Amino acid sequence: MKRHLRFWMACSILVLIGLLGCTKTEQMVDNKIATVNGEAITEKELFLFIDQYRASFVQEACQKTGLEYNDNFWEAEYNGTTMSMGLKNKALKHAVKIKVQQIKMVDENIMESSSYQYFLDELTTENSRREQALNQGSVVYGIQQYTEKSYFDYLFENRLIRLKEIMGKNELAASDQILEQFYEEIKVNYPFFQNENGGYREFADVKGAVQARYIDMRYEEWVENQVKHAKVDIHENLFDRLPVI
């Protein structure tokens, strides 16, 4: 009984932690907290990712340290720094990874700007369109109003598909010979490639699937390389003062 009670209390705490940041960005002055190759990451932008990782970070940290979540949690020592700084560093790492991809999306004319304000303007426009359609009795597919997180994810995933399509025809393109060799290396890891006799399907029959997996692999390598060589400048004072809840 105690174990079940503790479990539900922990779940309740994580839900509360997730809700704590929901209205925080509305109160923020959107200062530039870092730049990636000259493109800004703002406080609101970084807080979106702090919000995304907060609950899982708390859960992992509590499991590793045995600490319980309380008023002093964020100042506790963790991995050579504080809990709050650990979460901010995790969020910043993700923000840099997102930003290098957005910069490429701008270069490929998939989006007009990588700035967070541009995204917020897109969000306002889309939610206004949906509200107006609903008021007029029109059909609105999906949710009635997007949150920052849901619309950010929606736009990014759709733009990512387009980016991979473009790069797959250019810098990530591969000859049939390379793809066939790649197929030989990976086919044992994918049941999809097996035929009904227990062998493997012919390359020509699965070329599209092989190419998609090849592009995904090469794209992740490209992203890692972009992050590794990105020029990241952090406004340390703003970063240090940024709250996590």
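**Exercise 1. State what share of the 245 residues in the protein is buried, and set out the overall fold.**

Solution. Buried residues make up 38% of the 245 residues in the protein. Here buried means under 20% relative accessible area, exposed means over 50%, and partly exposed lies in between, with a 1.4 Å probe and protein chains only. The model is predicted: local features need pLDDT of at least 70, side-chain atom pairs count only at pLDDT 80 or more, and totals for chains, interfaces and linings use all residues. Residues are numbered from 1 along each chain as its sequence is written, and side-chain values use heavy atoms, with hydrogens and water left out.

Next, take the elements. The protein has 8 helices and 5 strands. Helices (H or I, at least four residues) and strands (E, at least two) are DSSP runs, numbered from the N terminus. Their order from the N terminus is α-β-β-α-β-β-α-α-α-α-α-β-α.

Then the surface. About 15,100 Å² is exposed, and carbon and sulfur atoms supply 49% of it. These areas come from the Shrake-Rupley method with a 1.4 Å probe; for residues, only the protein chains shown count as cover.

Last, the contacts, meaning heavy atoms within 4.5 Å. Of the contacts with a separation of 6 or more, 65% join residues 24 or more positions apart.

**Exercise 2. Find the largest cavity and describe its lining.**

Solution. Start with the method. Rolling a probe the size of a water molecule over the atoms shows where empty space is left. On a 1 Å grid over the protein atoms alone, a cavity is a set of points where a 1.4 Å probe fits but cannot get out; lining residues have an atom within 4 Å of a point. Grid points are joined across faces, edges and corners, and a volume is the space filled by probe spheres set on the points.

Count next. There is 1 cavity of 30 Å³ or more. The largest cavity has a volume of about 70 Å³.

Now the lining. Its residues are Gln-102, Met-105, Met-111, Ser-113, Ser-115, Phe-119, Glu-122, Phe-152, Leu-155, Phe-156 and Arg-159. Helix 3 (83–107), helix 4 (116–135) and helix 5 (148–168) are the elements that give two or more residues to it. Helix 5 gives the most, with 4 residues.

Sort by class. The lining has 6 nonpolar, 3 polar and 2 charged residues. Ala, Val, Leu, Ile, Met, Phe, Trp, Tyr, Cys and Pro count as nonpolar, Asp, Glu, Lys and Arg as charged, and the others, Gly among them, as polar.

**Exercise 3. Locate the kink in helix 7 and trace the packing of this helix.**

Solution. Helix 7 (residues 203–229) has a kink of about 40 degrees, centred on Ala-209. The bend at a residue is the angle between axes fitted to the seven residues ending there and the seven starting there.

Ala-209 is also one of the buried residues of helix 7, which include Phe-203, Val-206, Val-210 and Trp-222. The buried residues pack against helix 3, helix 5 and helix 6 (176–186).

Zoom in on Tyr-214, in helix 7. Tyr-214 counts as buried because its relative accessible area is 9%. Leaving out residues up to four places away in sequence, Tyr-214 touches Leu-172, Ala-174, Ile-178, Leu-179 and Phe-182. The C-alpha atoms of Tyr-214 and Ala-174 are separated by 8.5 Å, with their positions 40 residues apart along the chain.

**Exercise 4. Is Lys-187 buried or exposed, and which residues does Lys-187 touch?**

Solution. Place the residue: Lys-187 is in the loop between helix 6 and helix 7. Its relative accessibility is 14%, so Lys-187 counts as buried. Not counting residues up to four places away in sequence, Lys-187 touches Phe-193 and Tyr-200.

**Exercise 5. Check phi and exposure at Asn-37 and Asn-79.**

Solution. Recall the background: most residues other than glycine have a negative phi. Asn-37 has a positive phi of about 50 degrees. Asn-37 lies in the loop between strand 1 (32–36) and strand 2 (39–42). Asn-37 is partly exposed, at 41% relative accessible area.

For Asn-79, phi is near 55 degrees, again positive. Asn-79 sits in the loop between strand 3 (77–78) and strand 4 (81–82). With a relative accessible area of 67%, Asn-79 is exposed.

Key. 1 Å grid on protein atoms, 1.4 Å probe; cavity = no way out; pocket = protein on both sides within 12 Å on 5 of 7 lines; lining within 4 Å.
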